[in-house]
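Visitor: I'd like a close look at one part of this model: the salt bridges. Could you walk me through them and where their partners sit?

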Amino acid sequence: MNRLLFVGLAVLGFACVMLSSRTAWMSVPLADRRHAISAEDIVATEPECTQAFKIIMVAGVMMMIVTAIRRLQWGIASSVVASTMLVTALSFPYAITLYSPRLSADAAWLQMQHDNLIWLGGDINLSAESGHAFWGNKIYSNDIPRQIKVATVPTQPTWFPRLDQASDLILWLGYGEAFCQFSRRGWTLAVLGWSMFLMVSIQVQGEVILRRIGVSLVVVSCLALLVIAIAWGRTMSAASNVQQAAILTSDRQYEEALEKLDLACLRLPILGQDTYYIAQRGLLESRLGRTTHYTALFDAVGTERRGQYDVAFESFQQLAEVSDPAIVRESLRAVLRYAIQDFNSGRTELATNRFKLVLERQPCNFKAIYLLQICYLRQNQVSEVEAMSQWMDIATNCLSFHSKRIFRATTERYAAIAASQGSDPVRTWIHHRKAKNP
């Protein structure tokens with residue numbers, strides 16, 4: 001019976017690993033072209049390193065077969081291979097932060113929109129009572145977060161871990177809410193498959209070998225500690241360079257400070273997508289008299305703070321067309337802030353145009369989709385309200401959390417309101433039914 005159980009686990013583990021090489025490990029919805037026209041332009045984008053991990057997984061299966069083919073049973077080498085492959089699969093989230101920083105930042109930005117809409121003080125909960133009346137004119141939106149960050153970089157680097165930094169370490173390893181939101185079946189299958197292989201490799205003819213358990217624990221522990229040490233060391237090195245850049249900036253040594261920032265970004269690539277890093281780089285390049293997209297964004301923010309809103313908006317709109325994804329993301333966030341202000345102030349037509357501008361470059365922007373639907377509701381554009389409900393359905397397809405049902409139910413409810421205003425009882429009933437079971 002034990003032998004049959006382990007044989008079954010081996011077959012199941014093999015199937016899981018091989019299937020993981022044919023399915024996505026993580027996908028983030030982005031635009032497949034420079035300017036999106038509709039929700040059909042949303043495409044699920046995978047990290048660049050995914051293919052390499054899939055190849056490693058297949059190579060690991062081949063090595064497992066090689067270690068067992070001679071004696072027709074698993075050996076201690078099989079346990080070592082399974083342990084190594086398991087840790088390799090678990091290190092995938094950290095690899096994303098190193099080799100796909102743009103995708104990590106986009107995922108973090110979408111997750112922030114998700115939280116901004118559905119938390120207890122979010123737009124959807126605050127409008128629960130008044131959203132059904134007055135054509136959406138009593139609905140107000142919260143401002144978006146001021147900073148995009150995948151992980152917090154400490155202001156004081158500490159080379160020896162502390163207990164209070166455990167949560168930060170989890171983020172540095174890539175295991176944040178954004179990864180959990182956009183992770184896919186392939187990664188889960190890979191982890192499960194190698195876990196099964198590891199359990200199978202510690203036995204011979206149905207009997208568990210304690211020595212192999214010890215070897216597996218040592219290999220897993222050593223490799224896991226190595227990955228943690230690399231993540232910790234690179235983060236603290238980046239923090240040290242950021243700290244030195246701050247000191248050099250206060251001493252007006254802007255060239256040296258910029259070099260330190262570049263070095264910090266090299267140690268921790270995801271830092272290059274951080275809002276505060278972009279602002280600091282813009283400040284330094286501005287002080288050095290350089291003309292770059294960073295200085296243009298820095299000047300636009302300064303213009304906005306001086307109250308020259310129209311001039312600043314034109315700058316943000318122009319920067320949204322550049323090729324640097326970090327600059328585009330921050331510029332569109334500024335445009336979204338303007339649109340939200342117009343939305344709350346009752347300037348519905350202007351808000352509509354600005355939300356459309358955001359969706360052209362970020363067709364999966366949940367905040368813009370939600371508020372643009374309400375703008376159409378205020379203008380009694382029934383067909384457009386229903387179109388935005390369908391847009392939200394497509395945009396939330398890439399979300400893993402069940403909270404996406406809240407988005408769909410809310411947009412269906414507004415579609416039902418719009419249909420009732422258009423005296424269409426059939427469409428009203430259909431959208432009400434969808435709102436109850438999105």
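Guide: Sure, and keep in mind that this is a predicted model. It holds 13 salt bridges, so let's go through some of them.

Start with aspartate 106 and arginine 329, whose closest N and O atoms are 3.0 Å apart. Aspartate 106 belongs to helix α5 (residues 101-118) and arginine 329 to helix α15 (residues 325-345), so this salt bridge ties together parts that lie 223 residues apart in sequence. Both ends fall under the 20% cut-off for buried: aspartate 106 has a relative accessible area of 9%, and arginine 329 comes in at 2%. There's also a third partner here, since Arg102 joins Asp106 and Arg329 in a network of salt bridges.

Next up is arginine 281 with aspartate 262, at 2.4 Å from N to O. Here helix α12 (residues 275-287) supplies the arginine and helix α11 (residues 254-267) the aspartate, so the parts being tied together are 19 residues apart in sequence. Arginine 281 is buried at 13% relative accessibility, whereas aspartate 262 is partly exposed at 34%.

Last on this tour, arginine 427 pairs with glutamate 386 in a salt bridge, with 3.5 Å between the closest N and O atoms. Arginine 427 sits in helix α20 (residues 425-436) and glutamate 386 in helix α18 (residues 382-395), so the link spans 41 residues of sequence. This time the arginine is the partly exposed end, at 28% relative accessibility, while glutamate 386 is buried at 14%.

How values were computed:
Residues numbered from 1 in each chain as written. Predicted model: local features only at pLDDT ≥ 70, side-chain atom pairs only at ≥ 80, totals over all residues. Heavy atoms only, no water. Salt bridge = Lys/Arg side-chain N within 4 Å of Asp/Glu carboxyl O. Helix = DSSP H or I, 4+ residues; strand = E, 2+ residues; numbered from the N terminus. Buried < 20%, exposed > 50% of the residue type's maximum accessible area, 1.4 Å probe, protein only.
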